[in-house]
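Here are my notes on the model, in numbered points. Please read them with the structure open.

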Amino acid sequence: MSPYNMIYTAGSEGIIRVWNAPHPDEVNCFGPCGSKNYCVSVWNAHLDVIWELNHHPKENLLLSSSSDGTIKIWETFVEDEENNIKPSSGNILGNLCYKNANIG
């Protein structure tokens, strides 16, 4: 699994999902072939809607911002003892709180 094939999505439920994008040979005009689950990790990230995700182009970092008044920095993948890369289980590296305009 390559970190370059990972796609990160988020939405109104406050969850970040990590997807392993299929190789073009695994996809036809109807979508991915077979019953493979391409969602490799689910992170309970925020308490409210996630507004934006930004992935650092060279580092192992993902930034998420939410209407819950927080911005979080995530580790996107980890290496095991054999130097195999696997998705992170949602390790938070940093957390910033800001005054939320939606909260009085």
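The points below cover ring pairs, the salt bridge, cysteines, a sheet and a loop.

1. Status. This is a predicted model. Every value below is computed from it, and side-chain atom pairs count only at pLDDT 80 or more.

2. Aromatic pairs. The structure holds two of them. One joins Tyr8 and Trp43. Their ring centres are 6.2 Å apart, and the planes meet at 45°. That geometry is tilted. Tyr8 sits in strand S1 (residues 6-10) and Trp43 in strand S5 (residues 39-44), so this pair ties together parts that are 35 residues apart in sequence. Tyr8 and Trp43 are both buried.

3. The other ring pair. How are the rings of Trp43 and Trp74 arranged? Their centres lie 5.2 Å apart with the planes at 25°, so the pair is stacked. The cut-off behind that label is an angle under 30 degrees. Here too, distant parts of the chain are linked: Trp43 belongs to strand S5 and Trp74 to strand S8 (residues 70-75), 31 residues apart. Trp74 is buried, as is Trp43.

4. Ring cluster. Tyr8, Trp43 and Trp74 are linked into a cluster by ring pairs. Trp43 takes part in the tilted pair with Tyr8 and in the stacked pair with Trp74.

5. Sheet. Four strands form an open sheet in the order S6-S7-S8-S11. The pairing is antiparallel. Which strands lie at the edges? They are strand S6 (50-55) and strand S11 (92-97), each of which pairs on one side only. On average, neighbouring strands of this sheet are turned by 15° against each other, with direction ignored.

6. S8 and S11. These two strands run antiparallel and are joined by five bridges. Trp74 has Ile92 in S11 as its bridge partner. Trp74 is thus worth viewing twice: its backbone pairs with S11, and its ring stacks on Trp43.

7. Salt bridge. The count is one. Glu13 and Arg17 form it, with the closest N and O atoms 3.1 Å apart. Are these two residues buried or exposed? Neither label fits. Glu13 is partly exposed at 39% relative accessibility. Arg17 is partly exposed as well, at 27%. The bounds used are under 20% for buried and over 50% for exposed.

8. Cysteines. How many disulfides does a search of the whole structure find? The result is zero. Cys39 is buried, with a relative accessible area of 17%. Cys97 is exposed, at 61%.

9. Loop before S11. Ser88 is in the loop between strand S10 (85-87) and S11. Its relative accessible area is 1%, which means that Ser88 is buried. The Ser88 side chain reaches the backbone nitrogen of Asn91 at 3.2 Å.

10. Pro87. This residue is in strand S10. Pro87 counts as buried at 17% relative accessibility. What separates the C-alpha atoms of Pro87 and Trp19 in space? The separation is 9.2 Å, with their positions 68 residues apart along the chain given as the distance in sequence.

Notes
Residues are numbered from 1 along each chain as its sequence is written. This is a predicted model: local features need pLDDT of at least 70, side-chain atom pairs count only at pLDDT 80 or more; totals for chains, interfaces and linings use all residues. Side-chain values use heavy atoms; hydrogens and water are left out. A salt bridge is a side-chain nitrogen of Lys or Arg within 4 Å of a carboxyl oxygen of Asp or Glu. Buried means under 20% relative accessible area, exposed over 50%, partly exposed in between (1.4 Å probe, protein chains only). Rings of Phe, Tyr and Trp (its six-membered ring) pair if their centres lie within 6.5 Å; planes under 30 degrees apart count as stacked, over 60 as edge-to-face and the rest as tilted. A disulfide is a pair of cysteine sulfur atoms within 2.5 Å. Two strands pair if DSSP finds at least two bridges between them. Axes are lines fitted to C-alpha atoms, for helices over the stretch in contact, and angles run from 0 to 180 degrees between N-to-C directions. A polar contact is a pair of N or O atoms within 3.5 Å; within protein, one must be able to donate a hydrogen and the other to accept it, and residues adjacent in sequence count only if both atoms are side-chain atoms.
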